[in-house]
Amino acid sequence: MNRPQTCKTCGYQTSDSVTEGLCLRCLLSLGLEEPDQEDLVGSLVDHYRIIGTLGMGGMGVVYRAEDVRLNRVVAIKFLTERSLTDQLAQKRFEREARAASQLNHPNICTIHDVGNFEGQPYLVMECIEGSSLRARIREGSLSSQEILKLSVQLLDALEAAHEAGLLHRDIKPSNIFVTSRGDAKILDFGLARPVSAGREEDVETWSDATSGRGVIGTLPYMAPEQFDGSGEDARTDLFSLGCVFYEMATGKAAFVRDTPAATLKSVLDETPEPVGELNPAMPQAFNQVTARMLQKRAERRYESAAEARKDLELQAAYYRQASAMSSWRGRILMLFLVLCVLFLGIHTLNTYFEQREIESVAVLPFESLAGDSAKEYLALSMTDSLIQGLSPIGGLRVASWSSSDLFRDSGAEPVEIGRSMEVDAVIWGSVEQRGDEITVRAALVDVRTGKELSAREGTSSSKEFGNLQNGFILAFAGVLRGSLSSAEADRLVRRTPEDPEAFEVYSRALYLLRKRERTDLAVDYLKQTLELAPGNALANAYLSHAYLMQVAYENHRPRDVMPLARSAAQTALNENPNLPEALLALAMVKLSYDWDFAGAYELMSQSLESDPDLPTGLHWFGLYYAAMGDLETAHAMISRAKSLEPHSPVVITALGRISYYQRDYVEAMNQYRQVFLLEEGFAPGHLAAGLALLQLRQPEEALFQFRQGLQLGPEWSEIFDAFDSGISGRTERLNQALEQIRLESESKYLSPFYMAVLHTVLGRRDEAFEWLDKAIEDRSEYLVYLEVDPVFDPLRSDARFESALELIGLAD
Amino acid sequence: MKVSDHGFFTTTQWTMVQAAAALETTSAQQALSSLCERYWTPLYFFARRHGLSEDAARDLTQGFFTFFLEKRVFERADRERGRFRSFLLTSFKNFMRNEWDRESAVKRGGSSTLLSLEFERAESLYRIEPIETRTPEQVYDEQWASTLMDRVLRRLADEMRRAGYGTRFRVLRRFLTESTRGEGYREAAIELGISETAVKVAVHRLRKRVGQLLRTEISDTVSDPRAVDDEIRCLLEVLSAR
């Protein structure tokens with residue numbers, strides 16, 4: 001007997017009898033004539049650049065797109081042209097737009113925008129990575145802890161919807177998404193209606209049901225009052241959600257029976273088998289909450305989602321603590337917690353749990369009130385130090401410099417910006433300098449409630465500015481996570497140079513490094529910093545980064561520069577042995593220069609331990625995994641870096657590189673296109689895109705990208721010329737360019753790795769191996785990716801390639 | 001089937017049946033038999049899902065088709081609301097409710113050889129379908145979709161074989177749906193001795209061809225070829241509701 005399979009794309013459960021493993025639903029979708037669908041990819045719809053297709057259903061198509069105005073990835077749902085003639089479809093679409101756009105909640109899929117493109121209405125929604133709850137339930141992969149967490153979030157989301165005056169009316173597992181971070185998102189408000197709506201709406205729902213389009217499938221999740229005409233209210237959604245809770249915990253639907261009539265009877269009359277009997281791992285209180293939500297008579301259920309959530313949160317908190325504390329000490333603390341519940345009463349704890357922890361914060365660019373552009377670095381460094389200082393806090397995502405910088409001068413309200421950035425809280429403020437006195441004012445606001453959590457003002461002399469910054473870091477860290485121990489405080493405080501002049505050049509250096517531009521100048525600035533603030537660990541760490549970038553992006557000879565990178569990183573570590581930036585720099589030297597992979601792994605692990613959310617740490621650790629051939633882990637690591645720093649061209653380029661190594665060139669190009677939207681002329685992105693396009697057999701496009709990328713400096717001109725003439729078949733010109741490279745190689749350095757790439761692409765196998773040998777001799781930066789780099793596929797069958805891998809230490 | 005460029009005059013096999021019914025032409029009768037023969041399996045599933053035994057469902061389905069063709073039930077079809085799928089199911093339900101009883105069904109169906117129906121194959125398909133939560137109507141619609149797709153994939157396999165691309169179809173078939181798209185292209189390219197890009201192009205063409213064949217197949221069962229999209233969407237929604 002064939003086993004049913006669940007389609008990874010649409011979640012449909014198909015048996016492989018007729019279609020032999022292919023999803024029947026996806027096959028049917030192929031019949032929908034959507035001539036524009038493929039065409040839309042790559043095109044601009046108003047200010048959204050379509051970058052791929054996420055899915056297609058009966059009613060519409062959902063695309064992944066880039067909002068070029070706000071530089072963020074979104075999902076765009078189009079009603080198909082043919083659905084425009086379908087009044088029901090259109091009505092649902094409009095209703096979804098109207099309803100969901102009224103809501104702003106982290107567990108409800110956000111509608112950002114609605115529009116009309118050449119007569120086709122569309123919805124712009126947040127782009128969510130993950131899978132449907134239905135799929136997760138079918139996989140049977142939800143732990144008790146996850147179920148509790150999702151349940152609390154879903155109740156919280158319903159509470160927000162009800163408070164906004166909306167009933168969802170179609171709560172079921174397929175309308176709930178579980179993000180890759182493990183959070184719930186309620187989707188599809190297509191059947192929502194105002195809490196106060198009259199009976200006409202109900203008639204309409206029934207007409208939907210009788211037409212067989214949409215509501216039939218929700219029968220097992222409908223509350224009894226929806227059948228007997230006694231009216232719907234918030235408790236109706238709670239019943240449906242209770243069905244979802246039951247299904248999450250037991251793996252089976254509470255009321256589904258063989259026929260609709262039997263299902264209806266079950267909804268109206270039967271009490272499902274208690275959760276505890278089917279899944280003893282679920283806490284008793286969860287089972288009680290679920291049972292109360294599933295009461296047949298609405299008046300016996302909770303009055304509101306808030307009430308149910310409060311009951312449940314207590315359990316979720318208990319679980320969090322229990323998993324964190326398995327030691328004796330933990331058990332004693334747990335006992336204390338239980339006693340707290342007994343003695344202080346549930347009400348007190350409810351009040352405590354209402355204050356949900358802030359999981360993400362954005363530091364918006366500080367305003368400079370100096371009126372002197374030369375002093376703007378003060379505001380920049382204040383922003384920067386808060387971002388860096390708060391990021392090591394466990395469980396707190398700090399939106400990156402590149403993300404918050406996009407909103408500089410946007411004129412939008414901070415809370416609005418925070419919502420756009422999908423963070424729980426924002427920090428913003430100003431820096432003012434009068435004479436030698438610097439005043440900083442800053443506020444921390446909960447975006448979800450609009451409530452100001454802390455507002456502070458501090459003044460210092462310019463020499464003490466570094467300390468003033470540290471004071472703000474600690475103050476806000478305390479508000480975000482309660483009081484800090486002295487060890488924790490020490491970990492958060494970054495010892496940026498205190499001398500104002502040193503600080504200024506240091507800030508300028510960091511700016512250049514983040515842009516991957518003029519690293520020579522960044523090196524000069526950092527050297528100046530160290531002259532003014534000798535031994536500063538951060539400055540040394542970043543000096544090491546600058547050297548690494550010279551090799552990676554600016555064609556410096558590794559043998560000249562890597563020892564300097566090593567030395568700077570080691571100096572930094574002597575000063576501060578746990579500084580993640582320094583650990584990473586040394587790890588990178590070990591990975592790409594020493595080929596000491598075990599050493600690199602150890603340092604990268606230490607760095608990640610020191611700061612689990614440092615995007616550079618995740619990004620570089622991902623590169624380590626790529627070099628080791630574990631592209632899946634590499635992708636996961638860099639994706640996580642991207643989630644923390646969604647607008648960083650460097651990180652997105654790295655993600656594109658991993659897709660490229662995975663031979664998914666189309667996806668690689670999708671990533672690179674995002675990079676170009678963020679930062680036109682980002683050279684590393686153009687170079688990487690050129691290589692992907694070569695694999696896609698688009699040489700003209702590839703050359704265009706190389707041309708863009710190699711505008712960096714004259715040192716690239718010959719190799720570009722060689723690529724150009726080689727690819728376009730101008731042999732004579734190619735030979736001239738190669739001769740020129742040979743002549744000039746005595747006076748200036750050109751990475752032999754690129755020459756190896758060039759000859760491989762041109763099919764000159766022997767020359768490619770000659771250059772590969774030279775690259776090994778020079779320990780070129782990208783050699784460690786030799787095993788996974790598709791550009792070398794034509795060489796793999798040659799024994800010389802295996803020898804090269806052995807020399808680098810990459811052979812099996 | 002003939003479809004004009006401007007859509008002013010369009011016919012499908014189903015409309016031909018309807019229009020020609022009054023004239024009693026052989027071609028109309030053949031067209032109808034062909035349609036019935038294609039789509040009896042969903043009705044058999046419907047009957048089974050209604051709780052009928054294997055024998056009873058077989059007798060009922062056979063009896064229905066005899067009745068359907070002999071009594072010219074199709075003449076009652078409303079041309080404006082013309083989905084053959086819906087019409088067939090409605091007629092079948094009416095037949096069950098008003099005219100059918102086991103004895104007469106056996107009597108009518110037992111002697112009939114109007115249609116050759118492979119009940120054993122249908123029964124084996126029925127037994128492997130995941131049906132535990134579905135209504136008979138859903139089972140009917142899903143089986144309808146499945147039957148359609150079966151025909152489409154068979155036609156495509158035939159086409160490919162005739163064109164000398166039998167192996168290519170065998171290797172690339174699994175890439176037809178999104179969930180496998182892009183994964184394993186390299187291995188397929190090596191197996192077929194063609195480039196990865198050629199694999200991508202071939203898969204794209206296969207997918208397009210599946211779409212075309214499906215539309216052709218469906219257009220035989222709707223009164224207006226412009227309704228093909230509606231029919232596909234409707235089937236997709238039925239499958240979504242599962």
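1. This note concerns a predicted model. In chain A, strand E11, which spans residues 176–179, is joined to strand E9 by three bridges, and the two run antiparallel. Two residue pairings illustrate the register between these strands. Ser131(A) has Val178(A) of E11(A) as its bridge partner, and Gly130(A) stands opposite Thr179(A), which also belongs to E11(A).

2. E11(A) pairs with E12(A) as well, again in the antiparallel sense and over three bridges. Here Ile176(A) stands opposite Ile186(A) of E12(A). The two strands E11(A) and E12(A) form a hairpin that leaves four residues between them. Within the turn, Gly182(A) has a positive phi of about 85 degrees.

3. Taken together, these pairings give an open sheet of three strands in chain A, with the order E9-E11-E12 and antiparallel pairing. E9 (130–132) and E12 (184–186) of chain A stand at the edges; each has a single partner strand, so one side of each is left without a neighbour in the sheet. On average, and with direction ignored, neighbouring strands of the sheet are turned by 25 degrees against each other.

4. Helix H5 of chain A, residues 144–163, packs on this sheet and touches both E11 and E12 of chain A. The direction of H5 makes about 30 degrees with that of E12(A). How is strand E11(A) placed with respect to cover, and which residues lie on each of its faces? Both faces are covered: Ile176(A) and Val178(A) lie on one side, Phe177(A) and Thr179(A) lie on the other, and all four residues are buried.

5. Aromatic contacts deserve separate attention. Over all chains, the structure holds 25 aromatic pairs. One of these is formed by Phe239(A) and Phe255(A), which are stacked, with 5.7 Å from centre to centre and 10 degrees between the planes. This pair links distant parts of the chain: Phe239(A) belongs to helix H8 (residues 234–250) of chain A, while Phe255(A) is in the loop between H8 and helix H9 (260–269) of chain A, 16 residues apart. Phe239(A) and Phe255(A) are both buried.

6. A cluster linked by ring pairs is also found in chain A. Its members are Tyr660(A), Tyr661(A), Tyr665(A), Phe753(A), Tyr754(A), Tyr782(A), Tyr785(A), Phe792(A) and Phe801(A). Tyr785(A) has a charged contact in addition, for the charged end of Arg657(A) sits over its ring, 4.7 Å from the centre. A further contact of a charged residue with a ring involves Lys774(A), which lies over the face of Trp771(A) at 4.2 Å from the ring centre.

7. Backbone geometry raises a further point. Most residues other than glycine have a negative phi. Which value does Arg663(A) take? Its phi is near 70 degrees, a positive value in a residue other than glycine. Arg663(A) is placed in the loop between helix H28 (649–661) and helix H29 (665–678) of chain A. With a relative accessible area of 17%, Arg663(A) is buried, since the limit for a buried residue is under 20%.

8. Arg779(A) likewise has a positive phi, of about 55 degrees, although it is not a glycine. The residue lies in the loop between helix H35 (765–778) and helix H36 (799–808) of chain A. Is Arg779(A) buried or partly exposed? Arg779(A) has a relative accessible area of 24% and is partly exposed.

9. A glycine within a helix may also be noted. Gly599(A) is found in helix H25 of chain A, residues 597–610. Gly599(A) is buried, its relative accessible area being 13%. From C-alpha to C-alpha, Gly599(A) and Ala587(A) are 7.0 Å apart in space, and they are twelve residues apart in sequence.

10. Chain B may be described as a whole. How many helices and strands does chain B have? It has twelve helices and two strands, and along the sequence the pattern reads β-β-α-α-α-α-α-α-α-α-α-α-α-α. Of the 242 residues in chain B, 54% are buried. Among the contacts in chain B with a separation of 6 or more, 71% are accounted for by residues 24 or more positions apart. The area exposed by chain B is about 11,500 Å², of which carbon and sulfur atoms supply 47%.

Notes
Residues are numbered from 1 along each chain as its sequence is written. Chains are lettered from A and ligands numbered from 1 in the order in which they are written. This is a predicted model: local features need pLDDT of at least 70, side-chain atom pairs count only at pLDDT 80 or more; totals for chains, interfaces and linings use all residues. Side-chain values use heavy atoms; hydrogens and water are left out. Two strands pair if DSSP finds at least two bridges between them. Axes are lines fitted to C-alpha atoms, for helices over the stretch in contact, and angles run from 0 to 180 degrees between N-to-C directions. Contact means heavy atoms within 4.5 Å. Buried means under 20% relative accessible area, exposed over 50%, partly exposed in between (1.4 Å probe, protein chains only). Accessible areas come from the Shrake-Rupley method with a 1.4 Å probe; for residues, only the protein chains shown count as cover. Rings of Phe, Tyr and Trp (its six-membered ring) pair if their centres lie within 6.5 Å; planes under 30 degrees apart count as stacked, over 60 as edge-to-face and the rest as tilted. A charge sits over a ring if NZ of Lys or CZ of Arg is within 6 Å of the ring centre and within 35 degrees of the ring normal.
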